[in-house]
Each structure stands twice: as structure tokens, then as C-alpha cells.
Amino acid sequence: DSLLVETWIERWGLRFEGAVAGWWLGEKDKAYTVFEQMLQRPDLTPPYRKVAEHNLRLRDKPKPANRSKGKKPRKPCRTSAA
């Protein structure tokens, strides 16, 4: 196929990028499934393998304590020395 010059793009690159896009769109479970599948591929290059492993660690990371929704933490006030 002349559209995709590199074979890795067709084999797994587009799927990988789709998982990243899906994660940002809220489809995190589907994205994690794709990242797990990518790690099973022997032809996955080391940089992409590192990213997939990092993304899966985000899933397994403990969640921070629940703050009240909709409220941002207060920042310290700053005064200007005029």
C-alpha cells in the first residue's frame, strides 16, 4: 500500500494512536485493553512499549483522596509590592 510508507503504521501504529485518542475521549477501558494487546506484539518498538507500559501503570495507580467535586483547591493569595 503506497499510502502508509512504514509497515508498522499499518500493523499496529494506527491502532495504538486510536487507543491514545480513545483514552482522552473517555474510553479508558477500551484504551487499556489495546495497550495490553500491544504489549503482546513482538514487533512493538521499545519507545511504544515504554508508553504502553506507562499508560497501564496509570490505570493501576491508586486514586487520590476524593475532594468535593467542582471545587478547585485554593491557591495562596499573593500581594503585589507596589
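**Exercise 1. Classify W8 and its partner**

Task: Decide whether W8 is buried, partly exposed or exposed.

Solution: The relative accessible area of W8 is 29%. Buried means under 20%, and exposed means over 50%. W8 therefore counts as partly exposed. This value, like every other one here, comes from a predicted model.

Now take Y48. Its relative accessibility is 22%. Y48 is partly exposed as well.

**Exercise 2. Two ring pairs on one tyrosine**

Task: Find how the rings of W8 and W12 are placed against the ring of Y48.

Solution: Recall the two quantities needed. A pair of aromatic rings is described by the distance of the centres and the angle of the planes.

- Step 1. The structure has six aromatic pairs. In one of them, the ring centres of W8 and Y48 are 5.4 Å apart, with the planes at 50°. An angle under 30 degrees would be stacked and one over 60 edge-to-face. The W8 and Y48 pair is therefore tilted.
- Step 2. Place this pair in the chain. W8 belongs to helix α1, residues 7-24, and Y48 to helix α3, residues 46-60. The pair therefore ties together parts that are 40 residues apart in sequence.
- Step 3. Turn to W12 and Y48. Their ring centres are 5.0 Å apart and their planes stand at 75°, so this pair is edge-to-face.
- Step 4. W12 is in α1 and Y48 is in α3, so parts 36 residues apart in sequence are tied together.
- Step 5. Check W12 for exposure. Its relative accessibility is 1%, so W12 is buried.
- Step 6. Widen the view. W8, W12, F16, F35 and Y48 are linked into a cluster by ring pairs.

**Exercise 3. How α1 and α3 pack**

Task: Describe how the axes of α1 and α3 lie, and which residues meet.

Solution: Two packed helices are described by the angle between their axes and the distance between the axes.

- Step 1. The axes of α1 and α3 come within 12 Å and cross at roughly 25°.
- Step 2. Angles under 35 degrees count as roughly parallel. So α1 is roughly parallel to α3.
- Step 3. The crossing of α1 past α3 is left-handed.
- Step 4. On the α1 side, W8, W12, F16 and E17 take part. They meet Y48, V51 and A52 in α3.

**Exercise 4. Charges over rings**

Task: Which rings have the charged ends of K28 and R59 over them?

Solution: The charged end of K28 is over the ring of W23, 4.3 Å from the ring centre. For R59, the ring is that of Y32, and the distance to its centre is 5.5 Å.

**Exercise 5. Two more helix residues**

Task: Compare the exposure classes of G18 and N55, and name a residue linked to each.

Solution: Start with G18, which lies in helix α1. Its relative accessible area is 42%, so G18 is partly exposed. G18 and V34 are 16 residues apart in sequence, with their C-alpha atoms 9.0 Å apart in space.

N55 lies in helix α3. Its relative accessibility is 14%, so N55 counts as buried. Leaving aside residues up to four places away in sequence, N55 touches Y32 and F35.

**Exercise 6. The whole protein**

Task: How many helices and strands does the protein have, and what percentage of its residues count as buried?

Solution: The protein has three helices and zero strands. Along the sequence the pattern is α-α-α. Of its 82 residues, 17% count as buried. Among contacts with a separation of 6 or more, 36% come from residues 24 or more positions apart.

Key: Residues numbered from 1 in each chain as written. Predicted model: local features only at pLDDT ≥ 70, side-chain atom pairs only at ≥ 80, totals over all residues. Heavy atoms only, no water. Phe/Tyr/Trp six-rings, centres within 6.5 Å; stacked < 30°, edge-to-face > 60°. Helix = DSSP H or I, 4+ residues; strand = E, 2+ residues; numbered from the N terminus. Buried < 20%, exposed > 50% of the residue type's maximum accessible area, 1.4 Å probe, protein only. Lys NZ or Arg CZ within 6 Å of the ring centre and 35° of its normal. Axes fitted to C-alpha atoms, helices over the stretch in contact; angles between N-to-C directions. Parallel < 35°, antiparallel > 145°, perpendicular 65-115°, else oblique. Left-handed = near helix turned anticlockwise from the far one by under 90°. Contact = heavy atoms within 4.5 Å.
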